[in-house]
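Here is a colleague's note for someone meeting this structure for the first time. Please read the numbered points with the sequence and the model side by side.

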Amino acid sequence: MSNPHFSFKQFNIRQDRCAMKVGTDGVLLGAWAEGGRHILDIGTGTGLVALMMAQRYADAEVTGIEIDDEAAAQAKENAAASPFSDRVRIEAVSLQTFTCDTPFDAITCNPPYYDNSLNCPDESRNTARHTTSLSYAELITHSKRLLTDDGTLNLVLPTDCLKSIELECAYASMFIKDRLLISTTERKQPKRVLLTIKKALPPHPTCQTAVLTQDGQRSEWYKELTADFYLD
């Protein structure tokens, strides 16, 4: 049974009502993503990434949107109990129907990525894990709609989904600025990729690599990246 409660240095996450629990993907995204004054977290789930961005960007107003009502309610509770309660709001709404008065400087998303795999019996888990609720085309198109001209879309994805995202970016005239390929150990192929995506063609796109663990412990890179969040 997964832990219903996860503690970070400055806030706690309750997750017993959420299909997708606190995991490495969300922590990586929240610790790495570019921010700004107005930040949107798509598919916020527990509210983890929204709260991490609020911690990192002290002047930011952060909005988290979540299609699952139970998860949205729990994210609201997690935000209300945090030190950033006055700067984080959660809305139970889909990206496809979400509108805003002010465009966002930064968008974060740990999107659903299973495309052709078998659905599981838990409908809320299906929504969180499968692209039937949010296709990559919709993610890219609506993010472009909601971003400022210089805004940044930040994603974490399995590396085998990279080609699909690249294709949708090309269709939407969006451009990958940075990509960070992440392996669990030095001997393994990258399983995850972190991306920053812009509306304008970046002058110097980057591609880097990182490793999560060395000798059975968090790597120095991962420890430094998450030093402000993990308790140990």
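1. In this predicted model, a useful place to begin is the salt bridge in which the side chains of Arg179 and Glu166 meet, with a nitrogen-to-oxygen distance of 2.7 Å. Arg179 belongs to strand S8, which covers residues 175-183, while Glu166 belongs to helix H6, residues 162-172, and the pair thereby links distant parts of the chain, 13 residues apart. Arg179 is partly exposed, at 21% relative accessibility, and Glu166 is likewise counted as partly exposed, at 24%.

2. A second salt bridge brings together the side chains of Asp232 and Arg218, for which the N to O distance is 3.5 Å. Because Asp232 sits in the segment after helix H7 (220-225) and Arg218 in strand S12 (residues 217-218), this pair ties together parts that are 14 residues apart in sequence. Asp232 is exposed, having a relative accessible area of 74%, whereas Arg218, with 27%, is partly exposed.

3. Salt bridges that share partners also join Arg17, Glu70 and Glu77 into one network. Within this group, Glu77 forms a salt bridge with Arg17, and the closest N and O atoms of the two are 2.9 Å apart. Since Glu77 is part of helix H3 (residues 69-80) and Arg17 is found in the loop between strand S2 (12-14) and helix H1 (24-32), the pair ties together parts that are 60 residues apart in sequence. As for accessibility, Glu77 is partly exposed at 42%, and Arg17 is also partly exposed, at 28%.

4. For the model as a whole, the count of salt bridges comes to 12, and the pairs described above, including Arg179 with Glu166 and Asp232 with Arg218, are examples to locate in the view.

5. Is Thr46 buried or exposed? Thr46 lies in the loop between strand S3 (38-42) and helix H2 (48-56), and its relative accessible area is 5%, so Thr46 counts as buried, the cut-off being under 20%.

6. It is also worth asking which residues are in contact with Thr46, leaving aside its neighbours within four places in sequence. The list consists of Ile13, Arg14, Gln15, Cys18, Met20, Val22, Ala75 and Asn78. A reader may wish to find these residues around Thr46 in the model, and then return to the salt bridge between Glu77 and Arg17.

Conventions:
Residues numbered from 1 in each chain as written. Predicted model: local features only at pLDDT ≥ 70, side-chain atom pairs only at ≥ 80, totals over all residues. Heavy atoms only, no water. Helix = DSSP H or I, 4+ residues; strand = E, 2+ residues; numbered from the N terminus. Buried < 20%, exposed > 50% of the residue type's maximum accessible area, 1.4 Å probe, protein only. Contact = heavy atoms within 4.5 Å. Salt bridge = Lys/Arg side-chain N within 4 Å of Asp/Glu carboxyl O.
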